[in-house]
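User: I have the sequence and the model open and want to go through a few local details. Please reason briefly and finish each reply with the value or name I ask for.

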Amino acid sequence: MKDSPSPSTEAQASAIKYCDRCARRSPALVFDDLTLQELCQECCDRLNRKRGMASRPGKPKV
(Lines give C-alpha, C1' and ligand atoms only; values in the text may rest on other atoms or scores of the structure.)
Protein backbone atom coordinates (compact mmCIF):
# COMPACT_ATOMS: atom_id res chain seq x y z
CA MET A 1 0.00 0.00 0.00
CA LYS A 2 1.12 3.52 -0.73
CA ASP A 3 1.37 6.14 1.99
CA SER A 4 -0.20 8.86 -0.14
CA PRO A 5 -3.06 11.04 1.04
CA SER A 6 -6.53 10.33 -0.26
CA PRO A 7 -7.83 12.51 -3.10
CA SER A 8 -10.39 14.19 -0.83
CA THR A 9 -7.69 15.18 1.68
CA GLU A 10 -5.54 16.53 -1.16
CA ALA A 11 -8.43 18.62 -2.51
CA GLN A 12 -9.12 20.09 0.94
CA ALA A 13 -5.46 20.98 1.45
CA SER A 14 -5.23 22.75 -1.89
CA ALA A 15 -8.56 24.56 -1.36
CA ILE A 16 -7.38 26.43 1.74
CA LYS A 17 -5.34 29.51 0.87
CA TYR A 18 -3.54 32.14 2.90
CA CYS A 19 -4.45 35.81 3.04
CA ASP A 20 -1.67 37.94 1.51
CA ARG A 21 -1.94 40.51 4.31
CA CYS A 22 -2.34 38.57 7.54
CA ALA A 23 -1.47 35.01 6.43
CA ARG A 24 -4.78 33.79 7.86
CA ARG A 25 -5.96 30.54 6.32
CA SER A 26 -9.30 30.75 4.56
CA PRO A 27 -11.21 28.51 2.17
CA ALA A 28 -12.43 31.60 0.28
CA LEU A 29 -10.37 34.72 -0.41
CA VAL A 30 -11.36 37.98 -2.10
CA PHE A 31 -9.10 39.27 -4.87
CA ASP A 32 -8.46 43.01 -4.53
CA ASP A 33 -7.92 44.69 -7.92
CA LEU A 34 -6.09 47.71 -6.48
CA THR A 35 -3.48 45.86 -4.41
CA LEU A 36 -3.52 42.70 -6.55
CA GLN A 37 -3.72 40.61 -3.39
CA GLU A 38 -5.94 37.79 -2.22
CA LEU A 39 -7.44 38.84 1.11
CA CYS A 40 -9.56 37.16 3.74
CA GLN A 41 -12.97 38.75 4.33
CA GLU A 42 -11.77 40.60 7.46
CA CYS A 43 -8.80 42.22 5.70
CA CYS A 44 -10.98 43.08 2.70
CA ASP A 45 -13.58 44.76 4.92
CA ARG A 46 -10.87 46.69 6.78
CA LEU A 47 -9.30 47.87 3.51
CA ASN A 48 -12.68 48.96 2.13
CA ARG A 49 -13.41 50.95 5.30
CA LYS A 50 -10.03 52.71 5.02
CA ARG A 51 -10.69 53.50 1.36
CA GLY A 52 -14.16 54.82 2.22
CA MET A 53 -12.75 57.09 4.91
CA ALA A 54 -10.00 58.34 2.58
CA SER A 55 -12.49 59.20 -0.17
CA ARG A 56 -14.69 61.28 2.18
CA PRO A 57 -13.66 64.89 2.66
CA GLY A 58 -12.43 65.57 6.18
CA LYS A 59 -14.02 68.07 8.51
CA PRO A 60 -12.27 71.42 8.56
CA LYS A 61 -10.20 71.93 11.70
CA VAL A 62 -11.01 75.07 13.70
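User: What relative accessibility does K17 have?

Analyst: This is a predicted model, in which local features need pLDDT of at least 70 and side-chain atom pairs count only at pLDDT 80 or more, while totals for chains, interfaces and linings use all residues. Residues are numbered from 1 along each chain as its sequence is written, and side-chain values use heavy atoms, with hydrogens and water left out. Buried means under 20% relative accessible area, exposed over 50%, and partly exposed in between, with a 1.4 Å probe and protein chains only. K17 counts as partly exposed, because its relative accessibility is 39%.

User: Which residue does K17 form a salt bridge with?

Analyst: A salt bridge here is a side-chain nitrogen of Lys or Arg within 4 Å of a carboxyl oxygen of Asp or Glu. For K17, the closest N and O atoms of the pair are 3.7 Å apart, and the partner is E38. The two lie in distant parts of the chain, 21 residues apart, with K17 in strand β1 and E38 in strand β4. At 28% relative accessibility the partner counts as partly exposed; it is E38.

User: How are the helices and strands assigned, and which two elements does the salt bridge of D32 and R51 link?

Analyst: Helices (H or I, at least four residues) and strands (E, at least two) are DSSP runs, numbered from the N terminus. The side chains of D32 and R51 meet at 2.8 Å, N to O. D32 and R51 are 19 residues apart, and the pair links strand β3 and helix α2.

User: Of D32 and R51, which is buried?

Analyst: R51 has 26% relative accessibility and therefore counts as partly exposed. At 9% relative accessibility, the residue that counts as buried is D32.

User: At what distance does the side chain of T35 make a polar contact with that of D32?

Analyst: T35 is in the loop between β3 and β4 and, at 28% relative accessibility, counts as partly exposed. Leaving out residues up to four places away in sequence, T35 touches R21, L47 and R51, contact meaning heavy atoms within 4.5 Å. A polar contact is a pair of N or O atoms within 3.5 Å; within protein, one must be able to donate a hydrogen and the other to accept it, and residues adjacent in sequence count only if both atoms are side-chain atoms. For the side chains of T35 and D32 the distance is 2.6 Å.

User: How far apart are the end C-alpha atoms of α2?

Analyst: The expected span of a helix is 1.5 Å times one less than its number of residues. Helix α2 covers residues 41-55, so its 15 residues should span 21 Å. The end C-alpha atoms agree with that, at 21 Å.

User: Within what arc do the buried residues of α2 fall?

Analyst: C43, C44 and L47 are the buried residues of α2. They line one face of the helix, because seen down its axis they fall within an arc of 100°. That arc is taken from the directions from the helix axis to the C-beta atoms. On the other side R49 and M53 are exposed, whereas the buried residues have a cover that includes β3 and β4, and their arc is 100°.

User: Which residues are joined into one network by salt bridges that share partners?

Analyst: The side chains of E42 and R46 meet in a salt bridge at 2.8 Å, N to O. E42 and R46 are four residues apart in helix α2, so about one helical turn separates them. Salt bridges that share partners make one network of R24, E42 and R46.

User: How many disulfides are there, and how far is the sulfur of C19 from the closest cysteine sulfur?

Analyst: A disulfide is a pair of cysteine sulfur atoms within 2.5 Å, and the count is zero. C19 is buried, with a relative accessible area of 4%, while C22 counts as partly exposed at 32%. The closest cysteine sulfur to that of C19 is in C22, too far for a bond, at 3.7 Å.

User: What is the phi of A23, and what is that of L36?

Analyst: Most residues other than glycine have a negative phi. A23, in the loop between β1 (17-18) and β2 (25-26), is partly exposed at 49% relative accessibility. L36, in the loop between β3 (30-32) and β4 (37-39), is exposed, with a relative accessible area of 62%. Both have a positive phi without being glycine: that of A23 is about 60°, and that of L36 is near 55°.
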